[in-house]
2 protein chains.
Amino acid sequence: MTNNTPVTLKFLAEKLKMSVSTVSKALNNYPTINEYTKKRVQEMARELHFTPNKSAINLKEKKSRIIGIILPNLLDHFFTRSIYGVEQFATQNGYNVIISQSHDDLEKEIQSANMLLRSRVDGLIVAISKHTQDFAHLDQFENMGIPVVYYTRNPSFNLSCHKVLGNTFQGCYKATQFLINRGHKKIAYLGGPKMINFTHDRFNGYINALKDNGVPFSADLVAYTDFDKENTISAIQNLFDNPQNTPTALVAFKEPILFDAIKYLRSINHPNLDQIECIGFGNTSFISYLDSPPIASVEENPESVGENAIKLLLQLINREIDMENYQKVMVDCKLIVHEA
Amino acid sequence: MTNNTPVTLKFLAEKLKMSVSTVSKALNNYPTINEYTKKRVQEMARELHFTPNKSAINLKEKKSRIIGIILPNLLDHFFTRSIYGVEQFATQNGYNVIISQSHDDLEKEIQSANMLLRSRVDGLIVAISKHTQDFAHLDQFENMGIPVVYYTRNPSFNLSCHKVLGNTFQGCYKATQFLINRGHKKIAYLGGPKMINFTHDRFNGYINALKDNGVPFSADLVAYTDFDKENTISAIQNLFDNPQNTPTALVAFKEPILFDAIKYLRSINHPNLDQIECIGFGNTSFISYLDSPPIASVEENPESVGENAIKLLLQLINREIDMENYQKVMVDCKLIVHEA
DNA sequence: TTGTAGGCGTTATCAA
DNA sequence: TTGATAACGCCTACAA
């Protein structure tokens with residue numbers, strides 16, 4: 001069954017006893033080609049399952065119609081969801097997407113970048129690893145005239161670049177505001193790794209919401225952790241160790257961390273845990289299965305972040321926006337209040 | 001800063017005042033090229049950031065070093081985890097991976113297949129959509145001599161194909177056996193959509209474990225649902241509605257469904273829910289946050305499924321296994337018992 | 001309306 | 001040790 005001679009234009013041309021260019025034009029519906037000829041060619045092409053060779057076309061057209069995406073991790077639902085936005089819009093515009101995971105490792109990110117460069121992607125969307133401070137491997141693209149859009153992770157060391165970021169300041173502001181409106185005065189803030197810069201944006205959202213509402217800030221109510229459970233627990237111990245001054249609400253930088261926190265507080269039978277109201281970033285579907293669920297979630301709209309990134313990238317590819325005219329797009333968060 | 005003339009072999013050759021073929025050979029470390037010449041060429045290449053054009057190489061070599069993956073959904077952790085296995089092994093062997101989601105839609109699957117065909121992938125790994133019964137769009141690959149490995153989803157209508165499947169029979173057998181060993185006699189089985197064929201494999205695992213242990217089977221203890229919460233609840237109602245004959249254990253075909261079931265039983269304050277022991281397929285990390293967690297999980301080892309798929313595919317690509325010599329690989333499940 | 005020829009960037013064969 | 005040439009599959013300006 002396996003067909004050995006590849007079906008190329010040349011092959012079709014020989015079968016049909018015409019020239020390669022006529023076949024090519026017929027398949028591309030050139031107006032100068034006789035209707036009957038077209039029909040013959042197109043039928044034969046279908047019959048023999050002719051599929052144009054993309055490598056040849058890319059070589060000719062000097063473009064690949066491929067968008068590269070580099071991101072840390074597909075296990076993080078934020079990124080998986082963001083791909084939806086990218087993919088949909090890319091496909092609509094005739095682009096394919098190659099996804100490459102860096103696993104938050106700089107070396108892997110560089111490798112991914114190099115392979116995508118060799119593949120001559122027409123554009124790159126990248127959420128940098130948490131160790132990326134040098135951008136040489138990404139600057140290569142711009143030097144070759146290939147536009148790059150940084151998304152989600154803010155490359156604050158790289159001033160001249162296109163960015164699409166979640167408005168994490170606004171998200172944290174909203175969460176804090178919400179808790180204040182519900183009467184809380186002692187709202188704890190559990191932040192993420194200080195190396196990731198949205199940690200600070202979120203903290204600023206928290207601080208500003210307090211200030212704008214005349215709620216006094218207390219350093220005792222702020223702690224930091226990373227993605228490690230032990231550290232989360234000791235951070236939570238710090239926040240909740242003083243029985244006279246225990247927080248009545250908590251804003252956490254990511255939901256799984258918040259779940260660890262809640263689990264710990266339950267495990268030590270923290271008094272009036274039921275009254276403590278929590279909010280985390282994420283809006284995981286799992287929340288509905290929890291016994292002490294957060295009262296609300298900050299929905300970061302990853303699909304929208306992805307969609308904005310690809311939209312901007314396509315404008316850059318199509319030269320509708322100048323490469324040097326650096327854009328910054330912020331995508332707002334939404335507070336989702338969970339039903340009791 | 002943007003360099004306008006693309007850095008090609010020709011460009012380097014002109015700069016260095018030698019021929020294109022010498023430059024090519026120097027960069028590929030041909031033994032016939034003078035060491036000094038090599039050095040000069042390689043330095044210049046580095047300086048000008050020469051990157052070989054993959055489209056040109058593909059065209060020449062008639063291969064792309066790209067593996068295509070078509071799968072239903074990246075939001076399902078099973079698939080995301082399976083990609084780890086594929087990616088790692090593919091990268092090690094110099095292959096890149098293009099992932100395309102079908103969203104369990106046949107039309108999208110066909111589109112993905114066609115685009116991957118145009119991209120001249122060297123091989124395809126596919127988890128078919130639940131509506132795929134005609135395989136023309138996938139057979140095209142084999143007809144062009146491009147090997148295809150079906151994984152996870154068993155294309156039972158397609159007898160002559162390479163398969164890598166989770167041994168879901170064995171997983172369900174083990175789960176049931178485990179519950180029997182713990183003294184349960186009334187073990188309920190909550191199955192998935194009957195259209196997906198592993199539903200039946202799992203049921204057979206359940207049945208066989210009962211039989212092999214002399215536990216009588218009762219049709220009252222079996223119900224089916226899909227991914228819809230309402231249907232899950234009514235299935236659970238059917239299983240647990242008879243107070244005299246209530247099951248003491250439950251095997252469910254997927255964890256989120258199991259969580260819905262548990263949640264429902266708790267919401268109606270089912271008597272002695274605490275004694276009911278549950279097992280689902282998945283082994284979600286989220287389990288540790290649940291108040292009534294399953295006693296164990298069936299870990300389907302998706303990374304291993306992915307790894308086996310890519311290993312088989314590479315053997316087919318390298319003609320170490322004949323394309324017509326259809327292989328079937330089963331990947332065993334593992335029972336993970338959760339600590340109290 | 002169709003065909004010829006040249007080129008996209010790379011590699012490989014053969015000649016110098 | 002190096003260079004000229006052809007080829008991979010496709011497209012297109014130009015010639016017929």
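Domain bounds come from an automatic or database domain assignment. This is a predicted model, where local features need pLDDT of at least 70 and side-chain atom pairs count only at pLDDT 80 or more, while totals for chains, interfaces and linings use all residues. Residues are numbered from 1 along each chain as its sequence is written, chains are lettered from A and ligands numbered from 1 in the order in which they are written, and side-chain values use heavy atoms, with hydrogens and water left out.

**Exercise 1. Find the domains of chain A.**

Step 1: Mark off the pieces. Domain 1 covers 9-60, domain 2 covers 65-166 + 302-332, and domain 3 covers 168-299.

Step 2: Take the C-alpha centres of domain 1 and domain 2 of chain A; they lie 36 Å apart.

**Exercise 2. Work out which residues surround DNA strand D, and what they touch.**

Step 1: Start with the rule: a residue is near a strand if one of its heavy atoms lies within 4 Å of it. That picks out 26 residues around DNA strand D, and the closest are Leu9(A), Tyr30(A), Thr22(B), Lys25(B) and Thr37(B).

Step 2: Now look from the DNA side. Of the strand D atoms within 4 Å of the protein, 69% are sugar or phosphate, and the rest belong to bases.

Step 3: Hunt for polar contacts (pairs of N or O atoms within 3.5 Å; within protein, one must be able to donate a hydrogen and the other to accept it, and residues adjacent in sequence count only if both atoms are side-chain atoms). Leu9(A) puts a backbone N or O atom 2.6 Å from a phosphate oxygen of strand D. Ser24(A) uses a polar side-chain atom, 3.2 Å from a phosphate oxygen of this strand. From chain B, a polar backbone atom of Asn34(B) is 2.9 Å from a phosphate oxygen of strand D.

Step 4: Sort the residues by class. Ala, Val, Leu, Ile, Met, Phe, Trp, Tyr, Cys and Pro count as nonpolar, Asp, Glu, Lys and Arg as charged, and the others, Gly among them, as polar. The surface near strand D then has 10 nonpolar, 11 polar and 5 charged residues.

**Exercise 3. Do the job again for DNA strand C.**

Step 1: Around strand C there are 27 residues, and Ser21(A), Thr22(A), Lys25(A), Lys60(A) and Tyr30(B) come nearest. Sugar and phosphate make up 63% of the strand C atoms within 4 Å of the protein.

Step 2: Check the bases. A side-chain N or O atom of Lys60(A) is 3.5 Å from a base nitrogen of strand C, and a polar side-chain atom of Lys25(B) is 3.3 Å from a base oxygen of strand C.

Step 3: Check the backbone of the DNA too: a phosphate oxygen of strand C sits 3.0 Å from a polar backbone atom of Asn34(A).

Step 4: Count the classes near strand C, and you get 11 nonpolar, 11 polar and 5 charged.

**Exercise 4. Describe how helix 2 and helix 3 of chain B pack.**

Step 1: Know your helices: they are DSSP runs (H or I, at least four residues; strands are E, at least two), numbered from the N terminus.

Step 2: Get the geometry. Axes are lines fitted to C-alpha atoms, for helices over the stretch in contact, and angles run from 0 to 180 degrees between N-to-C directions. Helix 2 and helix 3 (residues 35-47) of chain B pack at about 90°, with axes 9 Å apart.

Step 3: Name the arrangement. Angles under 35 degrees count as roughly parallel, over 145 as roughly antiparallel, 65 to 115 as roughly perpendicular and the rest as oblique. Helix 2 and helix 3 of chain B are therefore roughly perpendicular to each other.
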